[in-house]
Amino acid sequence: MFGWIWYGLDPKYPIRIFPLLYCRSYYKMEQHRKVRKPLKRQRIGTKASSLWYPLDNPSMELSLNKTLPSGQSFLWKRYWKEIDNQEYWLGVVDDTIVQLYQVGTLGPIYFQPVQSLSATSIEHLKKRLSELFNLHISYSSLLEEFCKVDPRFETVIKYTQGARVLSLDPVECLCGYLCSANNNIQRISKMMQHIAQHGDYIGQVEQHKFYRFPTLHRLQQVTEEDWRSHRFGYRAKYLVQCIDRLIQLGGMEWLLQLKQLDREQVISQLMQLPGIGHKVASCIALVSLGKHDEIPVDTHIWQVVLRSYLPQLQGKTLTERIHREIGEWFRGKFGAYAGWAHNTLFVGELETSRMGPRNKKEAS
């Protein structure tokens, strides 16, 4: 009546014959265990590809869904696994493909390198992920301070809790924001994927191929015609010219030494590069050079400023002088981490723009 099935040859199951009904129950139980397995704290072994490791992110401090697709980094891939009905993120850290999983919206995060790594390499990867998400900064404490000086944040953070500022590789960050002019996140991501393909191939997960982000010298070999053939448009010229100028100045070493300069000097130095105006320089300074008080002003933040903070600027054009004026206002109000307040407002605009008029009005 139930049917019969023979389990043999598979070391995971004992050699036995029993009703199909019980086989199905046993199979579901095993699948349940496989789904729950990543949530356990695994002892670090020599082979990491089948194990998940805790990032030990503070509770309520980081949301992958609010941070990774917010227009800072453009190479992380979100995908859904039908087998365990869970969402995952895939990206490259240095030369390692890493998979991220978060319990709930703001819960613990677990990471899994796709390649097999030693225990020492696992610890290094964990350190690099912590640096990527700036986990040494207490975002919750910052939000408390922001709410004290601006009650509007008490409403905004309902939609932006866990939206952190990243700390990206400066070359990747510069390329991403060079592609961002008059563009949207989806198209920038496609352009960045093409740029990444000029680096060393690492591997493929699901339908996604991953590469180590190319060096400046590798990118210098790509012609303007090649960029244009992949729909980079006028950005192709600036990309070629900017890479050439960067190499002349000293390449990655020159970019990294900018971290030692004060904020105004960093902006001034970056703006000497072809294709980089004040907004792009501000983005690079905030997201990859540790200038946490820098304020990039794009159309989203411009609208927030006009609507909620500096209505006297209505009717004016967003010039470099106005950009600096807005930055000074933010720093005067929110302090040394004004860039994090800016990012919270920016993500809030992105989130509320996806909602209907009623909810958008409530959030503004």
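This passage describes the two largest pockets of a predicted model and the residues that line them. Residues are numbered from 1 along each chain as its sequence is written. In this predicted model, local features need pLDDT of at least 70 and side-chain atom pairs count only at pLDDT 80 or more, while totals for chains, interfaces and linings use all residues, and side-chain values use heavy atoms, with hydrogens and water left out.

The largest pocket (on a 1 Å grid over the protein atoms alone, an open set of points where a 1.4 Å probe fits, with protein on both sides within 12 Å along at least five of seven lines) has a volume, taken as the space filled by probe spheres set on points joined across faces, edges and corners, of about 830 Å³. Its lining, made up of residues with an atom within 4 Å of a point, comprises 37 residues, and D94, R128, D169, E172 and F213 lie nearest the centre. Among the elements that give two or more residues to this lining are strand 5 (86-93), helix 3 (119-132) and helix 7 (185-196), helices (H or I, at least four residues) and strands (E, at least two) being DSSP runs numbered from the N terminus. The largest share, 4 residues, comes from helix 11.

The second largest pocket holds about 670 Å³ of space, and of its 29 lining residues S180, K279, D298, H300 and F346 are the closest to its centre. Helix 13 (278-288), helix 14 (299-309), helix 16 (338-353) and helix 7 each supply at least two residues of this lining, with helix 13 giving the most, 6 residues.
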